[in-house]
Amino acid sequence: MKTPYVRVIGSSDWLQEPGDDHSCYTVNDRVLVDACPSVVQQLLTRGIDPVNIKTVCFTHMHCDHYMGLAPLLFYWRVRLGSYAPFTIIGPKATIRAAVDRALNYIYHDSESIWDEVDALPTIIEIEDEGCVELEDLVITSAASNHAVPGLCYRFTDKASGHAACFSGDTWKTDKLPAFFKDADLLLHECSCGAGVMTEENNPGGHSSGHDVAALCHIAKPKRLLLTHAGMNNRLPAMVICKNELDIPVDWAIPSRVYEF
């Protein structure tokens, strides 16, 4: 039985750092979670053929999470001339418009966007809770608490029953501890570092180390990877979570593979 894994492509926040693009990950190198701008080159450099990424799950449609969609679709167009069986999953309120923007960017110089390819991507729109079944994974979702419509994801490996969860960009909600419950691996954003977040100072809907630790006390994941924070906020969030939790806590290091 092959052990499932998450590969970190990027773990920076909205400001890229040297050697670290925006938040982006693969699951078993077949599913992409968000798409950073350099995703095609990142995949190729790691020996992953981008046409083997047949499913992309978007947590939300802020540009630092989906700017890589157009390059990825363009790669498929050049290699295959078709987007079958490319599937894009994301928030119902925003995903279709974002895909349209990416396709219009690629085909802006063509008379007809739709005549040049054999098939367009399949779009799965999820409002809050959803379930998509792949050959080796079951993907479920829950609504995030962010400035725009968003989703958190849980990937359950069919063979082992193990689960990896992704918070995307979110602040706390009543439902997320249960959604992340007993995850073998939880990747959670910590954009706010050591901040104490309130309704008044958190209009964007992000988490701090305190928020992540509080969630983990209830959800009890087996391992925590912190992600989506600038350099100044990474260590403060790490210190809080390491001090408050008795599980392994690490930073999501680009290029690193984490089994779950």
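How exposed is Thr122, in terms of relative accessibility? At 42% relative accessibility, Thr122 counts as partly exposed, a class that lies between buried (under 20% relative accessible area) and exposed (over 50%), with a 1.4 Å probe and protein chains only. The tour returns to this residue below.

**Before selecting anything**

The model is predicted: local features need pLDDT of at least 70, side-chain atom pairs count only at pLDDT 80 or more, and totals for chains, interfaces and linings use all residues. Residues are numbered from 1 along each chain as its sequence is written, and side-chain values use heavy atoms, with hydrogens and water left out.

**The whole chain**

Display the complete protein chain. It has seven helices and 14 strands; these are DSSP runs numbered from the N terminus, helices being H or I of at least four residues and strands being E of at least two. The C-alpha trace spans about 55 × 45 × 35 Å along its principal axes. For 260 residues, a compact globule would have a radius of gyration near 18 Å, and the chain agrees with its 18 Å. That radius is taken over C-alpha atoms, and the globule rule is 2.2 Å times the number of residues to the power 0.38. Of the 260 residues, 55% count as buried.

**Thr122**

Select Thr122, which has its place in strand S6 (residues 122–126). Leaving aside residues up to four places away in sequence, Thr122 touches Phe86, Thr87 and Ile88, where contact means heavy atoms within 4.5 Å. Then add Leu137: the two residues are 15 apart in sequence and 18 Å apart in space, C-alpha to C-alpha.

**The largest nonpolar core**

Next, select Leu32, Val39, Phe58, Leu69, Leu73, Tyr83 and Phe86, which touch the most other members of the 32-residue largest nonpolar core. Such a core is a set of buried Ala, Val, Leu, Ile, Met, Phe, Trp, Tyr and Cys residues joined through side-chain atoms within 4.5 Å. The elements giving two or more residues to this core are helix H1 (39–45), helix H3 (69–80) and helix H4 (95–106). In soluble globular proteins, nonpolar side chains tend to be buried together.

Centre the view on Phe58. Its contacts, not counting residues up to four places away in sequence, include Asp34, Tyr66, Leu69, Ile88, Pro91 and Tyr153.

**Two unusual backbone sites, then a third**

Most residues other than glycine have a negative phi, and most peptide bonds are trans. Select Ala84 and Pro85, which are joined by a cis peptide bond with omega of about 0 degrees. Pro85 is found in the loop between H3 and strand S5 (87–91).

Move to Asn28, in the loop between strand S2 (24–27) and strand S3 (31–33). Asn28 has a positive phi of about 55 degrees although it is not a glycine, and it is buried, with a relative accessible area of 12%.

His228 also merits selection: it is not a glycine, yet its phi is positive, about 60 degrees. His228 is found in the loop between S12 and H7 and counts as buried at 1% relative accessibility.

**The aromatic rings**

The structure holds five aromatic pairs. Phe155 and Phe166 form one that is edge-to-face, with 5.5 Å centre to centre and 85 degrees between the planes. Rings of Phe, Tyr and Trp (its six-membered ring) pair if their centres lie within 6.5 Å; planes under 30 degrees apart count as stacked, over 60 as edge-to-face and the rest as tilted. Phe155 lies in strand S9 (residues 151–157) and Phe166 in strand S10 (residues 163–166), so the pair ties together parts that are eleven residues apart in sequence. Phe155 is buried, with a relative accessible area of 0%, and Phe166 counts as buried at 2%. Add Tyr25 and Tyr153 to the selection: ring pairs link them with Phe155 and Phe166 into a cluster.

**Helices H7 and H6**

Finally, select helix H7 (residues 231–244), whose buried residues are Arg234, Ala237, Met238, Ile240 and Cys241. They cover an arc of only 165 degrees around the axis, which puts them on the same side of H7; the arc is that of the directions from the helix axis to the C-beta atoms. The face turned away from this buried side carries the exposed residues Asn232, Leu235 and Asn243.

Cover for the buried residues of H7 includes helix H6 (209–219), strand S12 (224–227) and strand S13 (249–251). In H6, the buried residues include Val212, Leu215 and Cys216, and H7 is among the elements covering the buried residues of H6. After H6 comes Lys220, whose phi is positive, near 55 degrees.
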